[in-house]
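Biologist: Could we go through this model together, one part at a time? I would like to begin with a single residue and then widen the view.

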Amino acid sequence: LSEGGTAATVTDLIEMLFELEDRWGGRAIARATTLAMAVGPDVPRQIATDRIGLERILSNLLAEALAWARGGSVRLSAERRADRIILSVEGQGDGGKLLPDESALTTAAELAEGLGAKLALQSVGSDGFSAALSLPHGVWAVESDEVPPPPDLDGLRVVLLGLSEQEESALSQMISGLGGVVETELPNAVEEANSAPIVIVDADGAEAL
C-alpha cells in the first residue's frame, strides 16, 4: 500500500516518462513548443505506485504547461532530493491562456493525495507554469532489483549421493563457498547424534544444482 492507502503496483518510472515524452512531443510540436525531459542519475527505475494514476497526474500537468508555453518550452524532469523523488513540469512561453484549468489541477491534486504524494503548484500565471509532484520514500522505495544474499551454510555438513563426478565437484565447490562441509560418506548413528546438522542430497544432478 502507498502512504495514501491506495494499492500499489510496481511501475517502471523511466519507461513511463519516455512514453509521456513521446506522447506529448507531437502536441508540443503542433504548438511550436519544445518538450524536453531530464532524469537524474540516482532516480530509481522502479517505484511502488499506481502507474495509471501517476500518468494522469503528469498528463494533466503537461497539458497545462503546454497551454502556457505556446512558442516556448516545456520541461519534464525527475530528480532525487534526500528521501523523495520530485517529478517537475515547467512551461515557459507567451502564455496561451489567462486562467488555469482548475478542474485539471484539482483532479491532479486529488490523484496525488490518493497515491500518498504531494502536488505543489509553484507558478500558474504570467510567469509561466511550474508544478512539482513529490513521491515519498514509502512510495518509491522498491527493492526488487536487489540480489538477495546467498544462503549461509556455516556449520552444515552435506553428504552427496547419486551424482556424477562432474556434478559432485561443481556442487561441492558451491557448498564449500557458502560455508558448508561436504562429507565423502554417510556418518554412523553416533556421529550423527553428536554432530552439526547433516543434509543428505540423493538426487539427479540437474535437481541438485
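Modeller: Certainly. Please keep in mind that this is a predicted model. Let us begin with Leu-105, which touches Leu-61, Glu-64, Pro-100, Leu-119, Leu-121 and Phe-129, leaving aside residues up to four places away in sequence.

Biologist: Where does Leu-105 lie? And is Leu-105 buried or exposed?

Modeller: Leu-105 lies in helix H3. Leu-105 counts as buried because its relative accessible area is 7%, and buried means under 20%.

Biologist: How far is the C-alpha atom of Leu-105 from that of Asn-60?

Modeller: The two C-alpha atoms are separated by 7.0 Å, although Leu-105 and Asn-60 are 45 residues apart along the chain.

Biologist: You listed Leu-61 as a contact of Leu-105. Which residues does Leu-61 touch?

Modeller: Not counting residues up to four places away in sequence, Leu-61 touches Val-89, Leu-105, Ala-108, Leu-119, Phe-129 and Ala-131.

Biologist: Which residues of the largest nonpolar core touch the most other members?

Modeller: They are Leu-54, Leu-58, Leu-61, Leu-87 and Leu-133, in a core of 36 residues. At least two residues each come from helix H1 (13–30), strand E2 (34–39), helix H2 (51–68), strand E4 (73–81), strand E5 (84–92), helix H3 (102–114) and strand E7 (128–136). H2 gives the largest share of this core, with eight residues. There is also a second, separate core of six residues, including Leu-156, Val-158, Leu-160 and Leu-171.

Biologist: Is there a general idea behind such cores?

Modeller: Yes. Nonpolar side chains tend to be buried together in soluble globular proteins.

Biologist: Back to H2, then. How many of its residues are buried?

Modeller: Of the 18 residues in H2, 15 are buried, and the helix is mostly covered. As for its length, the end C-alpha atoms of H2 are 26 Å apart, which agrees with the 26 Å that its 18 residues should span at 1.5 Å a residue.

Biologist: And H1? What span does H1 reach from its first C-alpha to its last?

Modeller: H1 has 18 residues and reaches 26 Å, close to the 26 Å expected at 1.5 Å a residue. H1 also has a kink of about 35°, centred on Trp-24.

Biologist: What lies over the face of Trp-24?

Modeller: Arg-27 does, at 4.2 Å from the ring centre. Aromatic pairs are another matter: the structure holds zero of them.

Biologist: Which residues of H1 are buried, and what covers them?

Modeller: The buried residues of H1 are Leu-13, Ile-14, Met-16, Leu-17, Leu-20, Trp-24, Gly-25 and Ala-28. Their cover includes strand E1 (10–12), E2, strand E3 (46–48), H2, E4 and E5.

Biologist: Glu-15 is not in that list of buried residues of H1. Why does Glu-15 count as partly exposed?

Modeller: Glu-15 is found in helix H1. Glu-15 counts as partly exposed because its relative accessible area is 37%, and that class lies between 20% and 50%. Leaving aside residues up to four places away in sequence, Glu-15 touches Arg-45 and Arg-51. The C-alpha atoms of Glu-15 and Arg-45 are separated by 8.1 Å, with these positions 30 residues apart along the chain counted as their spacing.

Biologist: What is special about the phi of Ala-32?

Modeller: Ala-32 has a positive phi of about 55°, although it is not a glycine. Most residues other than glycine have a negative phi. Ala-32 is found in the loop between H1 and E2, and it counts as exposed, at 58% relative accessibility.

Biologist: Please compare two more for me. Are Ser-88 and Glu-110 buried or exposed?

Modeller: Ser-88, in strand E5, counts as buried at 7% relative accessibility. Ser-88 touches Arg-75, Leu-76, Ser-77, Ala-131 and Ala-132, again without residues up to four places away in sequence. Glu-110, in helix H3, counts as exposed at 52% relative accessibility.

Biologist: Finally, the whole chain. How many helices and strands are there?

Modeller: The chain has seven helices and ten strands. Buried residues make up 39% of its 209 residues. Among contacts between residues at least 6 apart in sequence, 74% join residues at least 24 apart.

Conventions
Residues numbered from 1 in each chain as written. Predicted model: local features only at pLDDT ≥ 70, side-chain atom pairs only at ≥ 80, totals over all residues. Heavy atoms only, no water. Core = buried A, V, L, I, M, F, W, Y, C linked by side-chain atoms within 4.5 Å. Buried < 20%, exposed > 50% of the residue type's maximum accessible area, 1.4 Å probe, protein only. Helix = DSSP H or I, 4+ residues; strand = E, 2+ residues; numbered from the N terminus. Contact = heavy atoms within 4.5 Å. Phe/Tyr/Trp six-rings, centres within 6.5 Å; stacked < 30°, edge-to-face > 60°. Lys NZ or Arg CZ within 6 Å of the ring centre and 35° of its normal. Expected span 1.5 Å × (residues − 1). Bend = angle between axes of the 7 residues up to and from the residue.
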